[in-house]
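Biologist: Before I look at the whole fold, could you take me through one part of this model closely, and set it against its surroundings? I would like a connected account rather than a list.

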Amino acid sequence: MEVDQAAGFEINPRRGLVVWVYSLKQLKNLKRYGFVYYVSRKMKYVYLYLDEERYEENLAKIQKLHFVRSVEPSYRPDVEMNFADKIGTKAAYQEVDEGFEVEELSTRIRLAENV
C-alpha cells in the first residue's frame, strides 16, 4: 500500500472538552460532535476532542443538550509550552511582586545512580 506523497497529510488542530453529564445513555449523541477520547462511568464525564475551526459552534450546541450538566474547555492550546528560556532564570519570576529578591543559582543536575 503506497501513500500519495503529492497529496500529503495534514493535521487538523483540535481542542479538548470535558462534558459532565447526568447520564451516559446519550453517549452516542456526543460522538457526532467530535472524537470521544475517554469516558468516566463512575464520575459521569466524557472527554472529547473537537476540531478547532468548528469549536465555538459545537461548544454552544453541546451546552444546550438536555443531558449535559456542565462543559469545561481545555486551555492547553492557549498556554505557552516553551519553558526552556524561563527555567532557572529571573524571567520565570517577572510576574511575582516586586517585594521579593530573586537570586539565580547554578544548579547541577545529578543522576540517581551517582548520588
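Modeller: In this predicted model, the protein chain has a secondary structure of 2 helices and 4 strands, and read from the N terminus these elements follow the order β-α-β-β-α-β. Of the 115 residues in the chain, 22% are buried, while the chain as a whole exposes about 10300 Å², with carbon and sulfur atoms supplying 50% of that area. Among the contacts between residues at least 6 apart in sequence, 61% join residues at least 24 apart.

For the close look I take tyrosine 22, which sits in the loop between β1 (14-21) and α1 (27-31). Its relative accessibility is 46%, and because the partly exposed class runs from 20% to 50%, tyrosine 22 is counted as partly exposed. When residues up to four places away in sequence are left aside, tyrosine 22 touches Lys44, His66, Phe67, Val68 and Arg69. One of these partners, histidine 66, is 44 residues from tyrosine 22 in sequence, yet the two C-alpha atoms are 9.0 Å apart in space.

Two other residues help to place tyrosine 22 in context, and the first to consider is serine 74. Serine 74 lies in the segment that comes after β4 (68-73), and its relative accessibility is 18%; since buried means under 20%, serine 74 is classed as buried. Not counting residues up to four places away in sequence, serine 74 is in contact with Arg15, Gly16, Tyr47 and Tyr55. A polar atom of the serine 74 side chain also lies 3.4 Å from the backbone nitrogen of arginine 76.

The other residue is tyrosine 37, which belongs to strand β2 (residues 35-40). Tyrosine 37 has a relative accessible area of 56%, and because exposed means over 50%, this tyrosine is assigned to the exposed class. Together with Phe35 and Tyr38, Tyr37 makes a nonpolar surface patch of about 370 Å².

Set side by side, the three residues fall into separate accessibility classes: serine 74 is buried, tyrosine 22 is partly exposed, and tyrosine 37 is exposed. Their settings can be traced in the same way, with tyrosine 22 in the loop between β1 and α1, serine 74 in the segment after β4, and tyrosine 37 within strand β2.

Definitions and conventions. Residues are numbered from 1 along each chain as its sequence is written. This is a predicted model: local features need pLDDT of at least 70, side-chain atom pairs count only at pLDDT 80 or more; totals for chains, interfaces and linings use all residues. Side-chain values use heavy atoms; hydrogens and water are left out. Buried means under 20% relative accessible area, exposed over 50%, partly exposed in between (1.4 Å probe, protein chains only). Contact means heavy atoms within 4.5 Å. Patches are made of residues with over 30% relative accessible area and no salt bridge: like charges are joined within 9 Å, nonpolar side chains (Val, Leu, Ile, Met, Phe, Trp, Tyr) within 5 Å. Accessible areas come from the Shrake-Rupley method with a 1.4 Å probe; for residues, only the protein chains shown count as cover. A salt bridge is a side-chain nitrogen of Lys or Arg within 4 Å of a carboxyl oxygen of Asp or Glu. A polar contact is a pair of N or O atoms within 3.5 Å; within protein, one must be able to donate a hydrogen and the other to accept it, and residues adjacent in sequence count only if both atoms are side-chain atoms.
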